[in-house]
Structures are given as C-alpha cells and as structure tokens.
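Trainee: Before I go back to the bench, could we work through how the helices in this model pack against one another?

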Amino acid sequence: MKEHDQRGLAIFSGKNFTRPTAYVLLLSLSYALGYLSSSSVSTKEQASRIEETPQSNTPRKNATTDSTISLQSEPDHFHFTTQCADPIPSKLVRRTIIDRVFNGTNPYDGFPPAHVSHLLRRKRIKGWGSTGAVFENLIRKVKPRTIIEVGTFLGASAIHMAELTKRLGIRTQILCVDDFRGWPGFRDRFRDIGMVNGDVMLLYQFMQNVAHVNATESVLPVPFSTGSALEKLCEWGVLGDLIEVDAGHDFHSAWSDINRAYKILRPGGVIFGHDYFTGADNKGVRRAVNLFARVKGLRILLDGQHWVIDSP
Ligand SMILES: C[S@@+](CC[C@H](N)C(=O)[O-])C[C@H]1O[C@@H](n2cnc3c(N)ncnc32)[C@H](O)[C@@H]1O
C-alpha cells in the first residue's frame, strides 16, 4: 500500500482516536453525505419542474432551453415597478429635477468649476447614429414637452434633439440619464477626456458641450445608474413624451432599461433606441426589444438603425 493510503487509513485507526471521537467523526461524515445527496435531488427536481411546464407546441427535447420556460412561469423576470406616482405637469419637470437631484441649485451655476476647467475642451462630441432622421421624425410627430434620454455619453444625440426642438419651436426639457462613467476601458479610445484621481470628466465635458451650444436651459443631466434613476423618475411622477434608450447594450441592461423606461412613458408617447441592426445588436439590444414587444403585444417600427415603439 502506498504511503498516503496508509496515512488515510490511520485517521480511523484506534491508534489516533479514542472511540467517542471516532463515533463523532462517523456521525458528521454521514450527515455531510446525506446533505449533499439531498441538495442534488432538489436541483434535479427543480430541473424536472421546468421541463414539466413546456409551452404546448414546444418539442420535449428542447425542454431545458429558455424558450420552454413560459413567460408566466417566471414572473420575476417580467416584474418591474408597477405603479408610478401621478404624472407631474411638464412645466414642473425641470424644477423637480433641480430640487430632487441637485438640492435646488442649477448644476450649470458657476460652471465649469476652476479645478477642472483646464481639463475640458470647448466642445468634444462623439456619438453613434446620434443625428439620424429618426430624431426629427419623432420630434415632429410627438412634439415632446419632456424627452428622457437613457444613455447620453458626451451629449451628441441630446444636443441634436435640443437643436431640433428649438428649431421647431417646441419648449422641451431633455433629461439625460447617465452615470457619466462610460464603460470600463472606454478611455482607450477617449484619452483626451480628463481624469482627476480616477474620476473621469465625462459629466463635466458633457455639460461643457451643452453650455457651448447654449442649451443649458433645455438639457439637464441625471447622473446616476439607469436603474436607480428610472425608478426614481417613476416615483416622482416624471414622465417622458419621448424616451430614447441607448445605455448598456447587453441583453440584460437593455431589457431592464426598456421595461423601466416604458413605465414612465406618457400615454401617446414613443420609446425608441439605437442598435437594432448594428453590430452592437448581437450583444442583445434586438433580442431585448423583440421580447419586450412580444410580452406587451406591441408593434416594432424601424427607422434606419433605430427601433421605435409607440405607446398603445
Ligand atoms: C452609447 S453611449 C450613449 C450615446 C448617446 N446616446 C449618443 O448617441 O450620443 C452609452 C452611454 O450609456 C451609459 N451607461 C451604460 N450603462 C449605464 C448604466 N447602467 N447606468 C447609467 N449609464 C449607463 C454610458 O456611460 C455611456 O455614456
């Protein structure tokens, strides 16, 4: 017998243990084995429960794929805040955001602060499909008093919308929901965006861009994660007539943003977003939009690379 086998046996030999200690060890071992086997049974049971609720026309061999989990059997995936506060009038939206988000002080007052002004460029814009025809088409159609943009970056599309509404003579407040962090590694392509002690100057460069085109009266940042910001807008009764969703492009981010944004869409409004057809849709935007439309029974319209869904 090999040396390590002998050592293993020795653990249970009478030489090293008194009889009560050996009993305790055996008892613990059998408890542990029983626990392990019982948890593996419950996992199997769980799997078979999912298999036992296939959609009527789904072949059983696909029983463990997502498509077999009926929409009703997994309600948590489809459950987002159900009830928003009563909508506040459009004319109170700007004041509400300044009060609730910025403690009553206009964030553009005294902008830019001295310690960052040397890091900002007069104007630094970069967008993706940010000036497509869809923006003018929808603004003409909806005549929005409140636009909510979910995902703003340097403000290319927000500024385009501000210029369009001004040109069309519509008094519109545009709320830009973004954590203004970009994404991990984004500075590989945007090295010129300053950083102070690890704090990237995306929010300030966005504000500078807005100030540069004299749009500070119509464009406000809401500098938080999309999930928490959209929940709060719902809680405060801040609804959008036009909502653009263009933040995280993976399925789960897009799914959550679209569902939350739709909650705060004013009746008669329109929700839309980029990357239905571009390379980024592979990450999940199109799948999220399609699933959302299917669950809600809504129709998807297409405008260039943008998807568009009207409120019912
Ligand atoms: C594609 S860019 C938006 C581009 C902009 N709509 C345009 O056309 O100019 C995506 C933005 O979403 C923001 N973002 C991504 N996930 C987010 C999240 N969970 N919360 C807040 N912002 C997020 C990023 O910081 C980034 O600025």
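**Helix packing, pair by pair**

Mentor: In this predicted model, helix 9 and helix 10 cross with a left-handed sense.

Trainee: At what angle do helix 9 and helix 10 pack, and how are they classed?

Mentor: Helix 9 covers residues 226–236 and helix 10 covers residues 251–263, and their axes lie 9 Å apart at an angle of about 15 degrees. Angles under 35 degrees count as roughly parallel. That angle therefore makes helix 9, relative to helix 10, roughly parallel.

Trainee: How many charged residues does the contact of helix 9 with helix 10 have?

Mentor: On the helix 9 side the contact involves T226, G227, L230, E231 and C234, which meet S256, D257, R260, A261 and K263 of helix 10. Sorted by class, this contact has three nonpolar residues and three polar ones, and the number of charged residues is four.

Trainee: Turning to helix 6 and helix 7, why is helix 6 described as oblique to helix 7?

Mentor: The axes of helix 6 and helix 7 come within 10 Å, and they cross at roughly 45 degrees. Roughly parallel would require an angle under 35 degrees, and roughly perpendicular one of 65 to 115 degrees. The crossing angle therefore makes helix 6, with respect to helix 7, oblique.

Trainee: Is the crossing of helix 6 and helix 7 left-handed or right-handed, and which residues of helix 7 meet helix 6?

Mentor: The crossing of helix 6 and helix 7 is right-handed. From helix 6, the residues F135, E136 and I139 take part, and their partners in helix 7 are S157, H160, M161, L164 and T165.

Trainee: Which residues of helix 7 are buried, and which strands do they pack against?

Mentor: Helix 7 runs over residues 156–167, and its buried residues are S157, A158, I159, M161, A162 and T165. Those buried residues pack against helix 6 and helix 8, and also against strand 1 (146–150), strand 2 (173–177), strand 5 (219–222) and strand 6 (240–245).

Trainee: How far does helix 7 reach from its first C-alpha to its last, and which residue with positive phi follows helix 7?

Mentor: With twelve residues, helix 7 reaches 17 Å, which is close to the 16 Å expected at 1.5 Å a residue. Helix 7 is followed by a residue whose phi is positive, near 70 degrees, namely G169.

Trainee: For the protein as a whole, what percentage of the residues is buried?

Mentor: The protein has eleven helices and nine strands. Of its 312 residues, the buried share is 29%.

How values were computed
Residues numbered from 1 in each chain as written. Predicted model: local features only at pLDDT ≥ 70, side-chain atom pairs only at ≥ 80, totals over all residues. Helix = DSSP H or I, 4+ residues; strand = E, 2+ residues; numbered from the N terminus. Expected span 1.5 Å × (residues − 1). Buried ≥ 20, exposed ≤ 12 C-beta atoms within 10 Å, placed from the backbone. Contact = placed C-beta atoms within 7 Å. Axes fitted to C-alpha atoms, helices over the stretch in contact; angles between N-to-C directions. Parallel < 35°, antiparallel > 145°, perpendicular 65-115°, else oblique. Left-handed = near helix turned anticlockwise from the far one by under 90°. Nonpolar A, V, L, I, M, F, W, Y, C, P; charged D, E, K, R; others polar.
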